[in-house]
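Please work through the exercises below with the sequence and the model at hand. Each task is followed by a solution in steps.

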Amino acid sequence: MTLSCPISSAVPTSPAATSPRDHRSAAIDGLRAVAAVSVLTYHCWLYTLPVVRAGRHDGTFDDFAHELRLGLVLFFVLSGFLLFRPWVRAALNGAPAPRPGAYLLRRAARIGPAYYAAVLGSIALLWPLAPGTAGLRLPPGDKLWLFAVFGQNFSESTVLRLNPPLWTLAVEVCFYLVLPIMGWLALRIPRAQTRGAQSIVPLLFLLSGVIYNDVIAGESLGIAPTKILAAMAPYFAAGMLGAVLVEGRTIGRRATWLLMIGGALLVVLDARWAILGARAGSHDLSLRIWRDLPSAVGFAAIVAVASSSARPLPGLTWRPLASVGLVSYGLYLWHVPLLVWLRAHGVLPANTFGALLVAGPIALVFAAVSWRMLERPAQAWAQRVTRRRPSPPPDPNVLSAPR
């Protein structure tokens, strides 16, 4: 979610940025927290509007609040970076490649228990609410099974319904399924041990996403075709390319600042481009074709620095921020149903910051429970059953067979 999403795996990085207790990267957890809080604040703005509609912008604050949606792009970039990196490491450094079965089991354990709990919790919280409740968008009851198989994005009657952020989990699951294939290809490309060769698969993945978005841009196809992996591929690909560029390298101080500033500037410029497009009525098809790719590239630069900088990044490794990042998946899963429920019961303030102060702590409590009761035990179990067993030492009493 790691929606890495808060649903990305944490991998060891430089000693300065890694907690010795559990080998999690504090800087990466800090970025998860930034993404999760951005999305939370965006939805606090959206779900306190008189009419819950993201296209409504009444001023500069609305413009800024709407662009906090880019936290979603950061989640996808994190997933691409962290999950592709083991294959890059195998190609460049000769490390063991991920085993598909173990990889898929760990991914299922990472997202499954908390996801299904959030689906059931959303039904329990929202189904009893009166029709017409602000922000309430329920799917048909006979279509709920699509949420069980992460298929909600493939139907107009379920996409962005019940618990809208869950659409990103369906995209993540599709990425999880195709990633071992891309990793397998990356290891078998000629000259696979070079960074240039390792860039080929991510670049093709990025290009396929841009081509897909170009094909559907301007067509009246509904929202579902814009919420699938093909449309989001450039975000994951940007993260994958970041992994190729920094694997096995330590980024120096000067490069750290250049990449951080350059990455942040790309995100700001992309947000500005989207704001101008929204003011003009969003008729610019290039906005639909490139789909925040500048932000994805900027975030990839920032993620690369966070994982490989020679020194801890100021702010990102701040312990309270990293702690929020640790539970960011649950925060992402639960915050929208809680916002809708609180508003329906008249206890949600009618402004963004008030809603954040009320709903934020409640969502964090749900997130902490999700982490402690579901996510951490499931991950620990998956790691135990998929751990590589060392080969037994040769028995000195047994002679080698003649050759």
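The exercises that follow concern a predicted model and proceed from the whole chain to helix pairs and then to single residues.

**Exercise 1. The chain as a whole**

Task: Determine how many helices and strands the protein chain has, and what share of its residues is buried.

Solution. Begin with secondary structure: the protein chain contains 15 helices and zero strands. Next, consider burial: of the 403 residues in the protein chain, 53% are buried. Finally, turn to the surface, where the accessible area of the protein chain is about 18,500 Å². Carbon and sulfur atoms account for 66% of that area.

**Exercise 2. Helices H1 and H3**

Task: Establish how H1 and H3 are oriented towards each other, and describe their contact by residue class.

Solution. Step one is the geometry: helix H1 (residues 26-46) packs against helix H3 (residues 71-93) at an angle of about 150°, and their axes are 8 Å apart. Step two is the classification: angles over 145 degrees count as roughly antiparallel, and H1 and H3 are therefore roughly antiparallel to each other. Step three is the handedness, since H1 passes H3 in a left-handed crossing. Step four lists the residues in contact: H1 contributes Ile-28, Leu-31, Arg-32, Ala-35, Ala-36, Ser-38 and Val-39, while H3 contributes Gly-71, Leu-72, Leu-74, Phe-75, Leu-78 and Leu-82. Sorted by class, this contact of H1 with H3 comprises ten nonpolar, two polar and one charged residues.

**Exercise 3. Helices H9 and H12**

Task: Describe the packing of H9 and H12, and state which residues meet.

Solution. First, the geometry: helix H9 (residues 229-246) and helix H12 (residues 293-308) pack at about 35°, with axes 8 Å apart. Second, the handedness: H9 passes H12 in a right-handed crossing. Third, the residues: Pro-234, Tyr-235, Ala-238, Gly-239, Gly-242 and Val-246 of H9 meet Leu-293, Ala-296, Val-297, Ala-300, Ala-304, Ser-307 and Ser-308 of H12. By class, the contact of H9 with H12 holds nine nonpolar and four polar residues, and no charged residues.

**Exercise 4. Asp-29 and Pro-349**

Task: Decide whether Asp-29 is buried or exposed, then locate Pro-349 and list its contacts.

Solution. Asp-29 has its place in helix H1. Its relative accessibility is 5%, under the 20% limit, so Asp-29 counts as buried. Apart from neighbours within four places in sequence, Asp-29 is in contact with Arg-24, Leu-321, Ala-322, Gly-325 and Leu-326.

Pro-349 is found in the loop between helix H14 (328-344) and helix H15 (352-386). With 24% relative accessibility, Pro-349 counts as partly exposed. Again leaving aside neighbours within four places in sequence, Pro-349 contacts Thr-48, Gly-354, Ala-355 and Val-358. Pro-349 and Ala-359 are ten residues apart in sequence, and their C-alpha atoms are 9.4 Å apart in space.

**Exercise 5. Two arginines with positive phi**

Task: Locate Arg-191 and Arg-291, and assign each to an accessibility class.

Solution. Consider Arg-191: although not a glycine, Arg-191 has a positive phi of about 60°. Arg-191 lies in the loop between helix H6 (167-188) and helix H7 (195-198). Its relative accessible area is 60%, so Arg-191 is exposed.

Now consider Arg-291, a residue other than glycine whose phi is also positive, near 45°. Arg-291 is situated in the loop between helix H11 (285-290) and H12. At 16% relative accessibility, Arg-291 counts as buried.

Key
Residues are numbered from 1 along each chain as its sequence is written. This is a predicted model: local features need pLDDT of at least 70, side-chain atom pairs count only at pLDDT 80 or more; totals for chains, interfaces and linings use all residues. Side-chain values use heavy atoms; hydrogens and water are left out. Axes are lines fitted to C-alpha atoms, for helices over the stretch in contact, and angles run from 0 to 180 degrees between N-to-C directions. Helices (H or I, at least four residues) and strands (E, at least two) are DSSP runs, numbered from the N terminus. Angles under 35 degrees count as roughly parallel, over 145 as roughly antiparallel, 65 to 115 as roughly perpendicular and the rest as oblique. A crossing is left-handed if the near helix is turned anticlockwise from the far one by less than a right angle, and right-handed if clockwise. Contact means heavy atoms within 4.5 Å. Ala, Val, Leu, Ile, Met, Phe, Trp, Tyr, Cys and Pro count as nonpolar, Asp, Glu, Lys and Arg as charged, and the others, Gly among them, as polar. Buried means under 20% relative accessible area, exposed over 50%, partly exposed in between (1.4 Å probe, protein chains only). Accessible areas come from the Shrake-Rupley method with a 1.4 Å probe; for residues, only the protein chains shown count as cover.
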